[in-house]
Each structure stands twice: as structure tokens, then as C-alpha cells.
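Let's go through some labels people put on protein structures and check where they come from. Here's the one to look at.

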Amino acid sequence: MQKLIIECDEQIKRMLNDWIDQDQTKKSLHIDPKVHKKINKNTPKNIDLNLISYQFFDGLDLYAIEGFSHGLALTIMSELGEQGIQQFPSAQHFASWLRLSPNNKISGGKILHSRTPKGSNRLKIALRQTANVVGRLKDTHLSNFFTRIAYRKGRASAISATARKLAVIIWKMLHDHQQYQPPSIYEYLDQKRKRKVRELQKQIAKLDSKINELKPALKPI
């Protein structure tokens with residue numbers, strides 16, 4: 001079994017190198033190693049997937065995304081190819097294809113319930129696994145998003161929501177050829193402050209409503 005795995009890894013390496021060697025522009029691209037990325041037992045050996053991915057996608061650093069793994073890199077390359085993302089005109093189309101967008105049942109302008117469609121493919125599974133890893137990170141843009149969803153709806157919903165967010169980020173990077181740029185610490189704190197203000201405004205509105213309801217009962221006899 002181990003021999004077959006090694007042979008498979010060698011074939012993956014050979015195919016990726018052959019693909020990149022056809023384009024001198026891709027071949028000339030270089031990126032510093034990411035020493036913080038863990039290599040598990042299932043990662044193909046003797047392949048610098050950080051560099052290969054960077055060259056394969058014309059200088060886009062997908063590994064800059066929090067939680068991004070070697071397994072997800074290989075899955076994107078095998079499931080989408082170099083230009084496969086272009087078949088999806090929007091991030092919404094991509095998320096729907098992955099079955100990560102919820103189907104909302106609406107009646108009278110109100111959402112009665114929202115469920116994510118059943119069904120999986122290799123990329124959806126890889127994104128959900130990455131989302132689970134993100135949930136264990138500390139104080140990053142994506143991990144804070146995960147924590148907020150998990151607090152309100154539970155971990156299972158947070159994994160689905162974060163997997164969808166990862167899909168949107170990857171679509172934007174590959175479709176629009178843009179590097180990943182998470183909000184700076186200042187932008188994040190400003191967003192957090194605005195979110196807290198909105199929460200306080202809702203609480204004040206609820207208190208005002210209760211006070212107005214109680215006013216008739218508080219009038220002197």
C-alpha cells in the first residue's frame with residue numbers, strides 16, 4: 001500500500017511539473033516557503049505545493065488564506081483546473097454549485113426556514129474540512145467569523161457558513177485575479193465597533209417598546 005501511495009505522489013508531482021514547465025512565465029514565479037503550514041501524513045511527499053500552487057494560479061497566493069492546506073490546494077487544482085473557475089459568473093453561482101448556499105423557503109416576504117442542500121463533491125468536503133480547522137484558530141478574520149456564527153447557531157452551521165465564505169474568497173481570487181486581503185486590525189476593530197453599536201440599538205429599541213407597553217399600566221388611578 002505504501003509503495004502505491006509513493007508511486008501516486010510521484011505521478012502527481014510529474015504531472016504538475018509537466019504542466020508548469022509548458023509556461024515559462026509560470027515557471028519563473030517564486031514564493032517564500034510557508035513554514036507554519038503543517039504537513040500531514042496524507043500530503044504528497046517531495047512536492048512544494050506552496051510553490052506549485054503559486055505557479056499554477058499565475059502568482060496568486062492561496063496559502064495566504066487562514067487554514068488553507070495542501071489537501072485543499074490539490075483539490076482545487078484537480079476539481080477546477082487552471083481556468084475552471086471562469087465557468088462560474090459569480091461567487092453565488094460557485095457556492096450554489098458546491099451546494100453551500102442555503103435554500104430559503106419564503107412566504108409573505110419572510111424566510112420560514114433556511115437549509116443547505118444535501119450532496120457533496122470533493123471540493124465541498126475539502127472546504128468544510130478547512131472551515132473546521134479555521135474554527136480552531138485564534139483571533140483571525142475567518143476564525144472570528146466562525147466564532148460569531150457558532151455562538152448564535154452552533155458549530156455545524158459555522159462550518160457550513162465558513163466553508164461558503166472560503167468558496168467566495170477563492171472564487172474572487174481566481175476569477176478576478178486578486179490576492180487575498182483580509183481586513184487590517186483597524187478595519188476589524190471598526191467593524192466590531194459598528195456591530196456592537198447595532199446590537200445596542202436593537203436592545204434599546206426593544207426596551208423602548210416594552211416601556212411603551214407598560215405605560216398604560218403605570219398611569220396613576
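Q: Why is lysine 26 called buried?
A: Buried means under 20% relative accessible area. Lysine 26 comes in at 3%, so it counts as buried. Keep in mind that this is a predicted model.

Q: What makes lysine 26 and aspartate 58 a salt bridge?
A: The cut-off is a Lys or Arg side-chain nitrogen within 4 Å of a carboxyl oxygen of Asp or Glu. Here the N to O value is 2.7 Å, so the pair fits the rule. Lysine 26 sits in helix H2 and aspartate 58 in the loop between H3 and H4, so the bridge ties together parts 32 residues apart in sequence.

Q: Is aspartate 58 buried or partly exposed, and how do you know?
A: Its relative accessibility is 33%. Partly exposed runs between under 20% (buried) and over 50% (exposed), so aspartate 58 counts as partly exposed.

Q: How do you know that lysine 27 and aspartate 21 form a salt bridge?
A: Their closest N and O atoms are 3.7 Å apart, and the limit is within 4 Å, so the pair qualifies.

Q: What makes lysine 172 and aspartate 176 a salt bridge?
A: Again, it's the 4 Å limit: their closest N and O atoms are 3.4 Å apart. Both lie in helix H8, 4 residues apart, about one turn of the helix.

Q: Why is lysine 153 called exposed?
A: Exposed means over 50%, and lysine 153 has a relative accessible area of 57%, so the label fits. Lysine 153 belongs to helix H7 and is one of the residues in a patch of positive charge on the surface.

Technical notes
Residues are numbered from 1 along each chain as its sequence is written. This is a predicted model: local features need pLDDT of at least 70, side-chain atom pairs count only at pLDDT 80 or more; totals for chains, interfaces and linings use all residues. Side-chain values use heavy atoms; hydrogens and water are left out. Patches are made of residues with over 30% relative accessible area and no salt bridge: like charges are joined within 9 Å, nonpolar side chains (Val, Leu, Ile, Met, Phe, Trp, Tyr) within 5 Å. Accessible areas come from the Shrake-Rupley method with a 1.4 Å probe; for residues, only the protein chains shown count as cover. Lys and Arg count as positive and Asp and Glu as negative; His and the chain ends are not counted. The place of a charge is taken as NZ of Lys, CZ of Arg, CG of Asp or CD of Glu. Helices (H or I, at least four residues) and strands (E, at least two) are DSSP runs, numbered from the N terminus. Buried means under 20% relative accessible area, exposed over 50%, partly exposed in between (1.4 Å probe, protein chains only).
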